[in-house]
Amino acid sequence: MAVVCALALAFVLLLPRTGASGAGSTTSSSGGRLTHALQAAVEKKCTNGRYPQDQSLSPSGGSGSTPNVDAIKKRGRLVVGVDTNSYRWGYLDPNNADGELEGFDIDLAHRIAGDILGDPGKVTFKAIPTSRRIDAIKNNEVDMVVRTMTITCERLGDVAFSAPYFKTGQQVLALRNSTITGYDKSLAGKRVCSAESSTAYDNLKADKGHGIPASTDITTVVPNQLDCLVKLQLGEVDAVVTDGALAASQAAQDPTVALKGGLFTDEYYGVAMKKTSTDLVRQVNRTLEDYIKDGGWAESYRTWLHPTMDQGGKKSASATPPEAHYK
Amino acid sequence: MTHPPKSSAAPPGSSVPTVPAVPPQPGPPAPPTQPGPAAVPEAGPRRRTAFAEGVDQLRAAATTEPGRLRIIGALLALLVVAFGAVAAWQMTDRASAADDVLNSSQPLSSAAADIYSSLADANTQAASGYLAGPQEKPAMRKQYQKDIDNAAAKLVTAAANSKAGSESAKTIADLNKLLPTYKGLVETARANNRLGYPVGGAYLRAANETMQQEMLPKAERLYERENQRLNADYADAKAFPWAAAGLGVVALAALVWAQRRNFLRTNRVLNHGLVTASAVSVVVLLWITVGHTVARVGLNDSYDHGVRSLNVLHDARIASLTARSDENLALIRRGADTTKVGDEQKDAYAVGYDTQIADLAAKLDQAGSLADDSAGKKPVTDANGFMKAWKDRHGVAQKWSDGGDYQKARDKVIGVGADPTSVCFENVDAALVKALDHEQAEFKDAATGGRDALTGLPYGAAILAVLGAAGAVLGIGRRLSEYR
């Protein structure tokens, strides 16, 4: 009964929000809308009254001085923090003889480098674990992080984000024949794996005893979400919670595991940069606008994500680029 | 707890007194009170202990010359036999410790070092294979398999030589359990790599963690424990047999005194029996001293020129293997693992490589100064040269990698590009293996020489002591016969 009430309340709370974004994304399926409804219980507006993904700087604004972009131009290379373990996002195909990274995030990094330096090849990729994304930016180890990074209110206190470039949400992954049905009661007594300092872990911690049973064991935390798949395959955990986009990547690597239930949050990926690099944020947002407008985004999606995300001929809620709402 | 009556300890009328002529001592042999209940009626009429009677008899005997001679003869024989027995016992201990050094503890310490380096090398080969991907050479795969086989074989040897229930046995059992787990992770990584799935990389990472955090520390502990055992065996074998030597000197002194007494009483210079006993004692004493000294020199030599060199070379090999592993992992992980150096975050594996190479250079210097002949120096000098070339080439690869030229750096490391670092590593390793073989042979020579110096000593000492005791008894007996 309480669950139904919460759902109803969530629906009411979310109605204006879904209406606003629904106007832009005409292809969003009814399943997508339902998951929207579910997420409202978790995702809230930041203290300034705005959604976290709607707080980036407009590409057209600014004073005209571009110290950070100039520094990159002077160096001649863009240093980007990426993941090397996310299948079809940022990964090393073991059979690719030249050992270059590939994926949806990697394509975007090349595009950003191309727009700043005139050559998409002038990127130095640095692999960073999930837990070090913010530190790497703060310590100037990288110019930006393009690494399936969710825009959250909390992170906005530490780094600046570009406009959202991908829409996803949290999802549960388990063995195909498991009794787990989704982010719900079926997780009782089960061991759930998540990545260290990921939004998935934050959700698990917040929902334990509320959205999910208190008996759920969430102590297994790994440096990288892919390590969760290893643990799932070795039988050390019963389920994995991660972004739907990454969960789909994991499921694509093992036919015996499957996504369980729909997305239970609504999240947006953004390019993270240093808080003071306002000129770079505007530059990246300009690239994103062009990238989406000229079909580059859609092509990259088709190459990397369509095979794992659009199941059974149905387009996923993520198949359309999210609309930018600048501050 | 009550003491049973000790009346049987020295039966009255015992013809061979074994106690020197000293006043009776209070003590357990003659409990003044508390005789056992059974002894009461028997002891009642006499009220004297058997011990006191023995002492009285001895005192009576000591007043006559034949009695004194009997006592002296018995004491001399006892001293010489005791000398021989202690010598045989102490030299058996030392000979078996020396044999353990040669045939048990050193080979085991070497086996433990081999287990460590085989495991470290297998892990390095697995990382290299992953980095090379489809360009993995069959030799890498073969070397990996060889390392795993070698580690498994050496674990069997180590298990056979460790005491059941000991710490070493437990460590070996743990390693035996972890080895197939590790191999399973590596094979799963390989299978996923073939399919093009990055989860293979995650499996490799899990394998690497199992190796670095569980297996290698255990192998290191095993090595340390076997080394302690080796050092203990060395100490046992090298300890001078003071008890035997001391008893020998006392026996000799007693023999000299007896002969002098004989000379003063009878004016006869030589008593054949006593002279034989003295000569035999001198021979045993000399044999012990010289034999053990020669053995000690050999053992010291085997330690200084064998074990010390072997330890340093093993350390050098491990440094080289770790450096190679770090070199590969730096390119696989692409900066995913960082470490703080001063205020700066640096790539953990790049820093690890620099540390290991510096360690390798230091260990090679040390090995060079420990090597005592040209055959031992040559491979160390070679390894040094290869190490320098490796460092130079690595510097180039590192510069490319830092500059974003990942592919060129990778080619140089996996051995596809020109002047690759892989060749340098292989050369360093081959030279170190050669140096290890040489020092192992040196050790074996010196330790065999040391151990052989003790051959026959225990038996010789025992036989000669019996001879000496017989000589003493016969010598005294000859004097005694003059009173009949």
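Colleague: Which residue in E5(A) is the bridge partner of A:Val80?

Modeller: A:Phe125. Bear in mind that this is a predicted model: local features need pLDDT of at least 70 and side-chain atom pairs count only at pLDDT 80 or more, while totals for chains, interfaces and linings use all residues. Residues are numbered from 1 along each chain as its sequence is written, with chains lettered from A and ligands numbered from 1 in the order in which they are written.

Colleague: What makes E1(A) and E5(A) a pair of strands?

Modeller: Two strands pair if DSSP finds at least two bridges between them. E1(A) and strand E5 (residues 123–127) of chain A have five, in the parallel sense. Strand E6 (residues 144–145) of chain A also qualifies, with two parallel bridges to E1(A), and there A:Val80 is partnered by A:Met144. The elements themselves are DSSP runs, numbered from the N terminus: helices are H or I of at least four residues, strands are E of at least two.

Colleague: Why is E1(A) called largely enclosed?

Modeller: Buried means 20 or more other C-beta atoms within 10 Å of a residue's own (12 or fewer is exposed, in between is partly exposed, and C-beta atoms are placed from the backbone). Five of the five residues in E1(A), 78–82, pass that test, so the rest of the structure largely encloses the strand. Both directions are covered: A:Leu78, A:Val80 and A:Val82 point one way, A:Val79 and A:Gly81 the other, and all are buried.

Colleague: Why do you say that the largest nonpolar core lies between two domains of chain A?

Modeller: A nonpolar core is a set of buried Ala, Val, Leu, Ile, Met, Phe, Trp, Tyr and Cys residues joined through C-beta atoms within 7 Å. The largest such set has 208 residues, and A:Val80, A:Ala239 and B:Leu76 are among those with the most contacts inside it. Its largest share, 28 residues, comes from helix H3 (residues 65–132) of chain B. Domain 2 (53–167 + 267–319) and domain 3 (170–260) of chain A both contribute residues, so the core lies between them. Those bounds come from an automatic or database domain assignment.

Colleague: How many residues does each of those domains bring to their contact?

Modeller: The C-alpha centres of domain 2 and domain 3 of chain A are 26 Å apart, and each side gives 16 residues. Contact means C-beta atoms, placed from the backbone, within 7 Å.

Colleague: And what makes up the side of chain B that touches chain A?

Modeller: The contact takes 22 residues from chain B and 27 from chain A. H6(B) gives the largest share of the chain B side, six residues. By class, that side has nine nonpolar, ten polar and three charged residues; Ala, Val, Leu, Ile, Met, Phe, Trp, Tyr, Cys and Pro count as nonpolar, Asp, Glu, Lys and Arg as charged, and the others, Gly among them, as polar.

Colleague: Helix H11 (406–414) of chain B supplies at least two residues there too. Which of its residues are buried?

Modeller: B:Ala409, B:Arg410, B:Asp411, B:Lys412, B:Val413 and B:Ile414. Their cover includes H3, H8, H10 and H12 of chain B. After H11(B) comes B:Gly415, with a positive phi near 100°.

Colleague: Which residues of chain B does UniProt list as "transmembrane region"?

Modeller: The unreviewed entry lists 69–89, 239–257, 269–290 and 457–477, though such annotations may be inferred rather than shown by experiment. In the model, 457–477 is 100% helix, with its end C-alpha atoms 29 Å apart. Residues 239–257 of chain B are 84% helix and 0% strand, with 30 Å between the end C-alpha atoms.

Note on methods:
Two residues are in contact if their C-beta atoms, placed from the backbone, lie within 7 Å.
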